[in-house]
Amino acid sequence: MWVQHVLSNGTGVVIRPVLASDKPGLSLGLTRLSAESVYRRFLSPKPRFSSAELRYLTEVDGHDHVALVAVLADDPEILVASGRWVRDAADPATAEVAIVVADGLQGQGLGSAIGRELAEAARAHGVARFSAIMLPENTAALRLFGAISDHLDHRVSRGVRELVAVLDPLPLAA
């Protein structure tokens, strides 16, 4: 599944499954994120990925762990966003989801586009709900989840927002 998308600022991107060969791009992308973006994604400082983390992030099974990246259409070596969901082993109909977008492209619709692609893949694999933990002030992430689902439940507890988004079922084929 490779999807071409044009952002609201006119930038062309390609959203595609993550590859094992994306390890250097993910590492470089992390170093290019602002400290605020890193904190919003990881809820703590994250100066670099370990080799084990890079394996986890790029060597996914495509069923219980699905990950997508967005690259620039005119320079596909430049990774500008990533998103993933990981199925909850205790509740297989729920998957934890996370998305991060390069600072310069935030607010252009890329996170929502990746979120919709992740939701489509999730439904196809029997996932009915996305869960996420985020900072309470991360209103951009809350808007992103609103683009994925009309059915959001969230609460703030112990300094974080816990969110569950119910995914609408796939339409029946005619």
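Colleague: Hi! To start with a single residue, what relative accessibility does Ala147 have?

Modeller: Happy to help. This is a predicted model, where local features need pLDDT of at least 70, side-chain atom pairs count only at pLDDT 80 or more, and totals for chains, interfaces and linings use all residues. Ala147 lies in helix α5, residues 139-148, and the scale calls a residue buried under 20% relative accessible area, exposed over 50% and partly exposed in between, with a 1.4 Å probe and protein chains only. Ala147 counts as partly exposed because its relative accessibility is 33%.

Colleague: Which residues does Ala147 touch, leaving out those up to four places away in sequence?

Modeller: Residues are numbered from 1 along each chain as its sequence is written, and side-chain values use heavy atoms, with hydrogens and water left out. Contact means heavy atoms within 4.5 Å. The C-alpha atoms of Ala147 and Ser112 are 6.1 Å apart in space, with their places 35 residues apart in sequence. Beyond the residues up to four places away, Ala147 touches Ser112 and Arg116.

Colleague: Thanks! In what order do the elements of the protein run from the N terminus?

Modeller: Helices (H or I, at least four residues) and strands (E, at least two) are DSSP runs numbered from the N terminus. The protein has 5 helices and 8 strands. From the N terminus, the order is β-β-α-α-α-β-β-β-α-β-α-β-β.

Colleague: What radius of gyration does the protein have, set against the globule rule?

Modeller: The radius is taken over C-alpha atoms, and the globule rule is 2.2 Å times the number of residues to the power 0.38. For 174 residues the rule gives 16 Å, and the protein comes close to that, so it is as compact as a globular protein of that length. Along the principal axes, its C-alpha atoms fill a box of roughly 45 × 35 × 35 Å. The radius of gyration itself is 15 Å.

Colleague: And what share of the contacts in the protein between residues at least 6 apart in sequence joins residues at least 24 apart?

Modeller: Some background on burial helps here: 42% of the 174 residues are buried. Of the contacts between residues at least 6 apart, the share that joins residues at least 24 apart is 58%.

Colleague: How far apart do the centres of the positive and negative side chains lie?

Modeller: Lys and Arg count as positive, Asp and Glu as negative, while His and the chain ends are not counted. Each charge is placed at NZ of Lys, CZ of Arg, CG of Asp or CD of Glu. With 17 positive and 20 negative side chains, the centres of the two sets lie apart by 4 Å.

Colleague: Now for Asp22. Which residue's side chain does the Asp22 side chain join in a polar contact?

Modeller: Asp22 sits in the loop between β2 (12-17) and α1 (23-32), and Asp22 counts as buried because its relative accessibility is 7%. A polar contact is a pair of N or O atoms within 3.5 Å; within protein, one must be able to donate a hydrogen and the other to accept it, and residues adjacent in sequence count only if both atoms are side-chain atoms. Leaving aside neighbours within four places, the contacts of Asp22 include Thr58, Val69 and Leu79. At 2.8 Å, the side-chain partner of Asp22 is Arg16.

Colleague: Is Leu30 buried or exposed?

Modeller: Leu30 is in helix α1. Not counting residues up to four places away, it touches Val38, Phe42, Lys46, Pro47, Arg48 and Phe49. With a relative accessible area of 5%, Leu30 is buried.

Colleague: Which backbone oxygen lies 2.4 Å from a polar atom of the Ser149 side chain?

Modeller: Ser149 is in the loop between α5 and β7 and is buried, at 4% relative accessibility. Not counting residues up to four places away, Ser149 touches Ala165 and Val166. The backbone oxygen at 2.4 Å belongs to Val166.

Colleague: Last one: what phi does Arg158 have?

Modeller: Arg158 lies in the loop between β7 (151-157) and β8 (160-166). It counts as exposed, with 78% relative accessibility. Although Arg158 is not a glycine, its phi is positive, at about 50°.
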